[in-house]
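Please open the model in your viewer and keep the selection panel at hand. The tour below proceeds from one selection to the next.

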Amino acid sequence: METTIVSKISSLIFALKTVMFRNFGLLFVLVACPVMGQVLTKKPLEVKDYSLWSTLQTEGISDVGGWVSYKMKYASGNDTLFVKQTKGSRLYSFVKGYDSSFKKEQYFVCMLPDNRLQIQNLKDGSQHLLENVTSYFLSKKLDCLVLQCKNSQRSWVEIRTLDGLLLGALKGVYKAVLNSMGTQVLCFSSDGLSAVFVFDLKALQSQVLLEDSQAVYTKAVWDKNGTAVAFIQIKKDSTLANVKRSVCYYSFKMHRLYKFDSDEFDTFPQDMFVSSDGKVALSISDDGARVFFGIMLIVKEAIKQSDVQQWNANDTLLYPLKHKLDGWKKIEKAGVWFPMEQKFLPITTNLLPKFVLNGDQKYAITFNPYQGKTLGSYDALSDYYITDLATGVKTLFLPQQTIALHSLLISPGGKYVLYFRDSQWYAYVIATNTHVALTKKLPVSFVDAENQFFETEASGVAGWTENDASVLIYDSFDLWNIVPGKTSERITDGSAKQLKFQVVFDKDAKGVLSSYDGGISPVVSLKEGMLLKASCGTDLSSGYFTWQAKRGVQPLVYGLLTADQLVKACDAPVYVYREQYYDVSPRLVLKSDITVPAQVIVQSNTQQAHYLWGKSELVYYTNSKGTKLKGALFYPAGYDATKKYPMIVSIYQLQSHFVSVYQNPSEYNLIGFNITNLVTKGYFVLLPDIVYEQGKAGNSAVDCVVSATNAIIERGLVERSRIGLIGHSFGGYETNFIITQTSLFAAAISSSGFTDLVSGYFSVGWNRGTPEFWRYEKQQLRIGKSFYEDKEAYVANSPLWHAEKVETPLFSWVGEEDRQVHYYQSIAFHLALRRLNKPNILLIYPKEAHVLGIAAHQQDLTSRITDWFGYYLKNEPLAGWIKEGIE
């Protein structure tokens, strides 16, 4: 179809050929030029043009999919929220709009700057703009808005229809929280007497729960079913020395207010008080029987102690973290109150300071993340205890379990604790205090095969079916439905095609839910079906699929592309997702049914058609060990096959998946590197995948990167003498090491990378306050042993120890406040090159961490990268800052 149209309409301005044709055909009528044969001359992209580009972001979709909302984000900050018909042309825009909601197919609501709220009627086009609105709730059940309002003099709440009609105003309300059904609002008022009341949105009537002229209120919460509320009352004259905070609970079933006064409970620690501003959130159990809240130590005047630091080798914690935690005494703890029984139980202690509730909130799992010394591992081992909150009985149920993220998960129904141990999944059955092996007898591995490090990680868990009937667990490719202690069934067939399936939760669904210091797995309905995302490790194709019990897996979209940000209409099988290729800017695609062809409904950055652009290609190469690897190769804009070009090689572990990722040209880049900037300046850009041997991270990088680079040279695309190398963080380390082993690269740029593994091994990770042993033994540096077990490996993999072999001019940069890789590592390498009289410039950006966050610094770095490679790879004039640094 495309070829036929082009051949018949040679006089058309066909600038959007690539953008608008791929997979979907022509989307709009092109305009003919008056002169036959005239074509649009594309122009080179210049820095002044970068500001034309925006980033497309999916926001939401209406109930049956008639409308979609999306945002265009600009470097200038003038982001715009749009609402568009999915099968029509109507479009509404809201400059700097945010926090948006649909009400069926008729209304769209969003916040605007300066405390304004916009109501858009999607049927008749009418609009209502409301002032002094700081936030809102939309009651979809009662078709009304609850608006929190404020001006310089007062606060209040308004109840309005979706056409903007005022139904009522609640004076003096400074806090309002809507229940989950959207029928009642819990309000804190300071109008006259300080009061707490509930406003019924249907009856438009108030019910006062508590009045006290000497108090203020905070932390308003509803229970799951809207049958109870909780909040904290604070006496106005409270001080840390004389604390009077009370937890209040009102039951609408009992028509009764309960108040927690710590003085009335012998079980409440006498040296603590109810916390109102800590990290332990006030919450009510699903059955309304328990209230959870934080408690803090009363801070007394400290006894003056020596300011000398004492680092003890026998301490569990390194001094900085030990000093910060101070035995966990100053860290907020948690407690549970039974209002109807007037009973209180502390949940966490200094010995077991962290906790997670089980799914029905009847049990608490407690642990200490720093129970033992963290030596060669990132995550420590901890003993996990479970406490029956009704009896207070605490039981050790899981000794020496890793605290790694998502290695222990709670079932949503409250029956199980799922944990990963010894490369297998197990379930702890709370009711019987027993453990069940879930995956041990299955003929596949449940270890994450993509993890390149030495610490074993699980492929993951999708969730549980209703009532904890079964758990959905991933192996390397597929999804297994396992009934604990009974049956197991593989419900996808990805392994045959090397497809890795994962369940997708759209913006209205929930993934792993946070439960204080742990996670609760989501509920996945096999009856309703699932959305899946799949990726192929062989050819990097990916896309979205649906799964139904009877039909199995069926594709929505699949190919060598990047598809993400999928949203599904809640009342119809209508999907909208964002799709992009390297040479096709992100666009929104509508898929209204499995059998209906996909339709592009929004295309971003159409101005790209006027500029010369590059293309991408998935390339393959083999390293010296015979391992077949991939890489992403990006061609220079306006590529001419009769010419050879300079090339920049960017490195960091596995990066070939970027072959189908679009990148806006920009002066504002976190690490200064931008593929589109470079290809539009006439460079090839190569991102090769790197695999590693234990104890040989440096030489593994040399092998893979040099092999990949030579593979491109052999194709006659680039000039061997005009190739540059760049890497950040671990890629910065690899860059530093590679230039000590080869002179293949004419210039290099390294940032925030390791240079001396010996000194780095014996350093503190200031982000965590723990030794950096784990990073070198089991993580990116991949030594696999401690320094004392293999000193030679630490020296052999250290760029600093081979600096005398560097022949490549190196430009380095780092953030002065980098706590991930200390900037002293970069200074050490700079000093080595300085002592050896080798060309090197080091930039240290003030007030910056591991990446650059200040716009002026981002712009500066992006420009310097252009200068550096321009001089060494393209013989461009020498920039003043380079001349100053190397001559």
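Select strand β18 (residues 228-235) together with strand β19 (residues 245-251). In this predicted model, the two strands run antiparallel and are joined by seven bridges. To follow one of the pairings, pick Gln233, whose bridge partner in β19 is Ser246.

Keep Gln233 displayed and turn to the other neighbour of β18 by adding strand β17 (residues 215-222). Here β17 and β18 pair in the antiparallel sense, over six bridges. Tyr217 is the residue that stands opposite Gln233 in this pairing. Next, select the turn: β17 and β18 make up a hairpin, with five residues between them. Gly226 lies in that turn and has a positive phi of about 70°.

Is β18 largely enclosed or open? Seven of its eight residues are buried, so the strand is largely enclosed by the rest of the structure.

Now move to the surface and select Leu165, in the loop between β11 (155-161) and β12 (166-171). Leu165 has a relative accessible area of 54%, above the 50% cut-off, and therefore counts as exposed. Add Leu167 and Leu204 to the selection: with Leu165 they form a nonpolar surface patch, whose accessible area together is about 260 Å².

Finally, colour the model by pLDDT. The protein averages 92, and 94% of the residues score at least 70. Select residues 1-37, where pLDDT stays under 50. For this segment the model has 59 contacts beyond four places in sequence.

Technical notes: Residues numbered from 1 in each chain as written. Predicted model: local features only at pLDDT ≥ 70, side-chain atom pairs only at ≥ 80, totals over all residues. Heavy atoms only, no water. Patch = residues over 30% accessible without salt bridge, like charges linked within 9 Å, V, L, I, M, F, W, Y side chains within 5 Å. Areas by Shrake-Rupley, 256 points an atom, 1.4 Å probe, with all protein chains shown as cover. Salt bridge = Lys/Arg side-chain N within 4 Å of Asp/Glu carboxyl O. Helix = DSSP H or I, 4+ residues; strand = E, 2+ residues; numbered from the N terminus. Buried < 20%, exposed > 50% of the residue type's maximum accessible area, 1.4 Å probe, protein only. pLDDT = per-residue confidence, 0-100. Contact = heavy atoms within 4.5 Å. Pairing = 2+ DSSP bridges.
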